[in-house]
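Me: Please show me the structure, and then let us work through some questions on it.

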Protein chains: 2
Amino acid sequence: MSTTAIAPGATPCRNCPLRRKPLFLPFSDRELSFMEAFKVGELVVGPNVMLLEEGQGSAHLFTVLRGLGIRSTMLENGRRQVINFLFPGDFVGLQAGLAGEMRHSVESTTPMVLCVFNRADLWTLFREEPERAYDLTWIAAVEEHFLGETIASLGQRDAIERLAWALLRIHERLSSVGLSEEGKVPMPWRQQDLADALGLSLVHTNKTIRRLREIGLAHWSAGTLSIDRERLAALALTDPDRPRRRPLI
Amino acid sequence: MSTTAIAPGATPCRNCPLRRKPLFLPFSDRELSFMEAFKVGELVVGPNVMLLEEGQGSAHLFTVLRGLGIRSTMLENGRRQVINFLFPGDFVGLQAGLAGEMRHSVESTTPMVLCVFNRADLWTLFREEPERAYDLTWIAAVEEHFLGETIASLGQRDAIERLAWALLRIHERLSSVGLSEEGKVPMPWRQQDLADALGLSLVHTNKTIRRLREIGLAHWSAGTLSIDRERLAALALTDPDRPRRRPLI
DNA sequence: CGTGTCGTTGAATCCAGTCAAGTGTGGTGG
DNA sequence: CCACCACACTTGACTGGATTCAACGACACG
């Protein structure tokens, strides 16, 4: 069911975040040639494939081109925490790229296509392409912000607020990468995944989702999610129009 | 009671993380001269001073030279989440430095001394000092890892495990920057701060700390903390000797 | 057609939050 | 000097949200 293949010298990463925003803008010729040089290949995997495993080193960094995934860690007591979900445009493996070992696992949920880079090329990037390096750090800082927001949710919101916040965030993120159709977005993860992400039990997650459906705030079935954005945001106590990405310098 | 002062051209940051680890190693002459150039001044503040405020822009980045602080955000429902505690060697404001606006507040707990940088110099850093830029990104990646660990704690550990984990982590961190004396480290934060960091109520935090004291795992009083490291680690379900920082590339 | 996975639902239990009151300490001003 | 207040820390009692246990239905798959 799951296949992996690296296709060296494949087409350049038009969706790659290793450049200035906004997403989906075409690269310049100079950028294209650079990406070609830095890129090692393209990784195509089926669903439910472990891309990076906790505790192991990796010679590669990845950029998600297509598909959705999960970044998670296992605690010493055997419980699983989903750190975040992976969307197209996400960068994966910087930590391992810098520190040399993975502290978390990365696995695909849907089939995925990833852009593969050589870890060893990272230093070259910083030396010869300061703009790219700057963008990379910017991505890390944005990522850090999102993790901070997650911490706030796990620490200070109750179950229904957490669910509202998570579904809203996922819906926004998928819409921003063009995966929304008539307000519906793909939602391929299991309830167990969402429960592990929000620090809730599977049972309570299920019942809370039911509550959201009953009051008409979110419908999630058959791998598809549709929401009442305004009212969900009110419940999540989050300003949905809060600015996220500002101009650099 | 609280004073702030910027002293331009002060002594270079011997404790600054903008360089390769380990901490406390002296800078090379080249590094020193660079730090002198990049550094704008030194910020000295009293306890309980708001250094950066949520929603505001800042022209500066900081490095903690001395003292302890708090990084926190306010949720829309008025509840506070402490993202993390600040120790000597921490870098503050990268997110604002890149995104232009703070999404969280930073305040001092004890008197602090910080190294001040110009946000606008960040791009110069990337262009002219790729090594420093690399180190900066490495710091961001390490920070990201710690936030991931916090997420796992808030999501998957119960109250006593969270406390054990937090006290262990704080003790380790303070020891690593040389603030330990005979196993005792300063612990200037309030129980309310720790509660807000761990997503627990003040009352329950208090009672859990009491439990830890009664079974002899941690003593925290009068701003001083001492722990039984081995048994606390066993309770926190964390391997205390897990390697944290590996060689670069 | 058995098997496994995921989703769903009910009941009982318990951990953690809330409410409320009390202690101790340091600072302030009469 | 002492009354008073502000603040952090304690402690007990009650409540409730979330977990756990358990069972069942739907569906895909070999």
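The questions and answers below concern sheets, helices and a cavity.

Me: On what terms should the model be read?
Reply: This is a predicted model, in which local features need pLDDT of at least 70 and side-chain atom pairs count only at pLDDT 80 or more, while totals for chains, interfaces and linings use all residues. Residues are numbered from 1 along each chain as its sequence is written, chains are lettered from A and ligands numbered from 1 in the order in which they are written, and side-chain values use heavy atoms, with hydrogens and water left out.

Me: Which are the edge strands of the open sheet of four strands in chain A?
Reply: Helices (H or I, at least four residues) and strands (E, at least two) are DSSP runs, numbered from the N terminus; two strands pair if DSSP finds at least two bridges between them. The order of this sheet is E3-E8-E5-E6 (chain A), with antiparallel pairing. An edge strand pairs on one side only, and the two that do so are strand E3 (50–52) and strand E6 (80–86) of chain A.

Me: Which residue is the bridge partner of Gly69(A) in E6(A)?
Reply: Strand E5 (residues 69–74) of chain A pairs with E6(A) in the antiparallel sense over six bridges. In E6(A), the partner of Gly69(A) is Leu86(A).

Me: At about what angle to E6(A) does helix H4 of chain A run?
Reply: Axes are lines fitted to C-alpha atoms, for helices over the stretch in contact (heavy atoms within 4.5 Å), and angles run from 0 to 180 degrees between N-to-C directions. Helix H4 (residues 130–156) of chain A lies across E5 and E6 of chain A, and its angle to E6(A) is about 135°.

Me: What volume does the largest cavity have?
Reply: On a 1 Å grid over the protein atoms alone, a cavity is a set of points where a 1.4 Å probe fits but cannot get out; lining residues have an atom within 4 Å of a point. Grid points are joined across faces, edges and corners, and a volume is the space filled by probe spheres set on the points. The structure holds eight cavities of 30 Å³ or more. The volume of the largest is about 250 Å³.

Me: Which helix gives the largest share of the lining of the largest cavity?
Reply: E6, H4, helix H5 (159–176) and H6 of chain A each supply at least two residues of this lining. The largest share is five residues, and it comes from H5(A).

Me: Where does the largest cavity lie with respect to domain 1 and domain 2 of chain A?
Reply: Domain bounds come from an automatic or database domain assignment. Domain 1 (4–150) and domain 2 (157–236) of chain A both give residues to the lining, so the largest cavity lies between them.

Conventions. 1 Å grid on protein atoms, 1.4 Å probe; cavity = no way out; pocket = protein on both sides within 12 Å on 5 of 7 lines; lining within 4 Å.
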